[in-house]
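This briefing addresses a protein structure and is arranged by topic. Please consult the sequence and the coordinates alongside the text.

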Amino acid sequence: MIFCLHANDYYLDGLVDLGDILSSENKLQKISSSILHLILGTLMFSKGGILLYNKRDKKLHVLAQRGIDIKNTDSEDIDDKLIENLLNKNIHTVKENDPDSNPFNLNKDFSSKLNSKIIVPLTYKNEFLGIVSLCKKFMDQAVSEMDHQILNIICHHFSHAVHNSNLIVDLSKKSDDLNLKLLELETLFDISLAVNSVLDVDELNMEILIRSVGILNASAGAVFFTDKFTPFLKLSSEFNLDQESLKKVVISKNHELLKPCFKDMEGILLNQFEDEKLKKAFENENLMIAPIKSKTEVLGLICILDKETRQGVVPFTQSDLEMLTAFASQAGVALENARLFTSVLETKNYNENILNSIANGVITLSLLGEIESINPAALKILKLDKQDAVNNPYLMIFPEDENIQNIIEKTLESQEITLEMDIPCLSVGEDARINITCAPLMDQDGELNGAVITIEDISEERRIKNTFKRYVSDNVVEELLAEGATLELGGESKHITILFSDIRGFTSLSEKLTPHDVVTTLNEYFSAMMDIIFKYNGTLDKIVGDELMVVYGAPLEKEDDSDRAIKTA
């Protein structure tokens with residue numbers, strides 16, 4: 001009875017030690033060593049070991065051992081059926097010469113080293129964590145019911161410690177993974193900002209390549225783009241590669257190894273590939289490729305070679321491929337933006353060139369009546385500088401022209417084209433005359449977006465008409481203006497008819513009249529004569545005193561010049 005009390009005290013001391021171990025240690029390796037030492041010392045087992053189960057490789061790995069010749073790196077395969085059997089029992093007793101009593105189908109070498117007599121599964125709920133394997137007790141003592149109870153208590157608490165330790169390891173790994181992913185996202189974000197700020201396509205291609213090589217520690221790389229008219233890839237930029245050699249190698253997007261890129265829009269790892277065409281192109285067997293893609297198509301490929309580390313060149317990993325693929329997607333967006341910007345810029349320049357080439361003035365107005373654009377012809381007609389016109393209201397360029405203001409207001413209100421011919425433009429000058437057209441500017445949805453004003457300067461034409469009308473009829477003036485391009489400066493030879501006319505006895509008559517009466521008489525005479533001359537489209541060449549010289553056939557020659565001269569006479 002005294003011995004039993006002493007044994008109970010000994011077991012209680014062991015359980016107190018268990019609490020101290022679990023509360024003081026925080027590393028699983030130290031906990032395992034201390035737990036094994038406690039079990040062996042408290043329950044008087046000669047030797048044993050603790051093996052933990054690794055879910056990834058489905059093996060038992062030695063974590064702690066004492067008295068057995070097993071290294072910490074040794075491991076043993078274990079199948080799912082065995083785990084199911086272990087979960088249904090607390091303690092397994094391995095009998096001598098009875099292999100069926102050993103729940104493990106271990107290889108002979110590992111089994112002999114382990115030499116299990118007692119096997120306790122380490123479980124947490126329905127999760128298998130490992131085993132505690134114990135050899136025989138000192139002096140071949142029998143394992144008592146109390147030994148079983150104490151062993152179950154210790155292993156139960158140790159299982160919780162293992163489970164908690166695994167949780168901490170998983171959390172730590174997940175934290176590391178999250179930090180790494182955060183770093184990758186921050187890197188991608190920074191790179192995206194840098195890449196998307198480049199709008200020149202050629203500059204962007206090189207920026208994409210340099211950035212992708214940099215973030216993946218690659219030694220070389222190249223960017224290829226697809227061709228709309230051929231299945232072959234076109235080299236856009238390269239880094240640390242022989243450009244001339246690359247250009248000589250023809251790579252098709254139908255290449256068998258590149259199908260994942262073009263068919264599935266996914267990146268590919270080609271570590272140690274055997275394709276001779278790609279080997280010739282890159283002179284390398286460690287290659288990673290990601291598609292540069294838009295929403296609907298693959299625009300090109302980023303090819304990265306040789307990942308460099310402190311240990312030397314190593315193969316690319318799946319994580320590297322995910323990083324490159326994510327960056328390539330960002331590059332695709334940036335490339336589309338750059339191409340769109342280039343297209344818009346080219347269209348804008350083309351439209352501006354057209355406007356700059358138009359002889360008539362063109363002005364566009366916003367809905368608020370502010371000038372959004374004005375071409376050089378309009379600036380010349382209105383005698384303005386561009387900075388004085390753009391972004392200012394139209395009232396500032398037509399301050400003296402209420403008629404023009406009304407035309408613009410009418411167009412914006414009615415949304416119909418308004419045309420006015422030969423009207424004054426007092427804001428330019430008293431003699432300025434223009435033809436003006438004001439049309440509504442509609443957007444793609446048919447909504448009013450402003451107005452377009454076209455101005456034709458007819459001031460010079462009007463001056464020419466006024467000058468010619470002193471010598472020729474309106475009909476001739478119109479014909480001269482219409483056929484002005486055929487007139488040659490310096491004159492030309494023509495067959496013409498000339499009519500001379502004067503007042504008979506004008507000299508003697510004028511001697512009898514006062515100067516005032518002479519002028520009055522001549523004015524009446526010339527007015528009457530000019531009506532007749534212009535009636536028959538004659539050209540007044542000169543007036544000498546009372547004499548008129550009228551020409552037919554110049555400046556415009558007609559078949560009936562002589563007839564018209566006779567009719568005039």
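Two aromatic pairs are present in the structure, which is a predicted model. In one of them, the ring centres of Tyr-53 and Phe-128 lie 5.5 Å apart with 55° between the planes, so this pair is classed as tilted. Tyr-53 belongs to strand β1 (residues 48–54) and Phe-128 to strand β6 (residues 127–134); the pair thus links distant parts of the chain, 75 residues apart.

**Aromatic pairs and their burial**

- Tyr-53 and Phe-128 are both buried.
- Tyr-525 and Phe-526 also form a tilted aromatic pair, with a centre-to-centre distance of 5.4 Å and an angle of 50° between the planes.
- Tyr-525 counts as buried because its relative accessibility is 15%, under the 20% cut-off.
- Phe-526, at 16% relative accessibility, likewise counts as buried.

**Strands β4, β5 and β6**

- Strand β6, which holds Phe-128, pairs with β5 in the antiparallel sense over seven bridges.
- Within this pairing, Ile-119 stands opposite Ser-133 in β6.
- Two residues lie between the strands of the β5 and β6 hairpin, where Lys-125 adopts a positive phi near 55°.
- Strand β5 (residues 118–124) is mostly covered, with five of its seven residues buried.
- Strand β4 (residues 92–93) is also an antiparallel partner of β5, over two bridges.
- Thr-93 is the residue opposite Ile-118 in β5.

**The five-strand sheet and helix α13**

- An open sheet of five strands follows the order β14-β13-β17-β16-β15, and its pairing is antiparallel.
- The edges are occupied by β14 (371–374) and β15 (418–424); each has a single partner strand, so one side of each is left without a neighbour in the sheet.
- From one strand to the next, the twist averages 20°.
- Strands β13 (residues 361–365) and β17 (residues 448–457) run antiparallel and are joined by five bridges.
- Gly-361 has Ile-455 in β17 as its bridge partner.
- Helix α13 (residues 402–414) packs on the sheet and touches β13, β15, β16 (433–442) and β17.
- The direction of α13 makes about 175° with that of β15.

**Surroundings of Ile-268**

- Ile-268 is located in strand β9 (residues 268–271).
- With a relative accessibility of 9%, Ile-268 counts as buried.
- Beyond its neighbours within four places in sequence, Ile-268 is in contact with Leu-257, Leu-258, Pro-260, Cys-261, Leu-287, Met-288, Ile-289 and Leu-321.
- Leu-287, one of these contacts, is 19 residues from Ile-268 along the chain, and the C-alpha atoms of the two are separated by 8.6 Å.

**Overall composition and surface**

- The protein contains 18 helices and 20 strands.
- Of its 569 residues, 39% are buried.
- Among contacts with a separation of 6 or more, 52% are between residues 24 or more positions apart.
- The accessible surface comes to about 33,700 Å², and carbon and sulfur atoms account for 51% of that area.

**Confidence of the prediction**

- The average pLDDT of the protein is 79, and 79% of the residues score at least 70.
- Over residues 1–6, pLDDT stays under 50, and the model has zero contacts beyond four places in sequence for this segment.

Notes: Residues numbered from 1 in each chain as written. Predicted model: local features only at pLDDT ≥ 70, side-chain atom pairs only at ≥ 80, totals over all residues. Heavy atoms only, no water. Helix = DSSP H or I, 4+ residues; strand = E, 2+ residues; numbered from the N terminus. Buried < 20%, exposed > 50% of the residue type's maximum accessible area, 1.4 Å probe, protein only. Contact = heavy atoms within 4.5 Å. Areas by Shrake-Rupley, 256 points an atom, 1.4 Å probe, with all protein chains shown as cover. pLDDT = per-residue confidence, 0-100. Pairing = 2+ DSSP bridges. Axes fitted to C-alpha atoms, helices over the stretch in contact; angles between N-to-C directions. Phe/Tyr/Trp six-rings, centres within 6.5 Å; stacked < 30°, edge-to-face > 60°.
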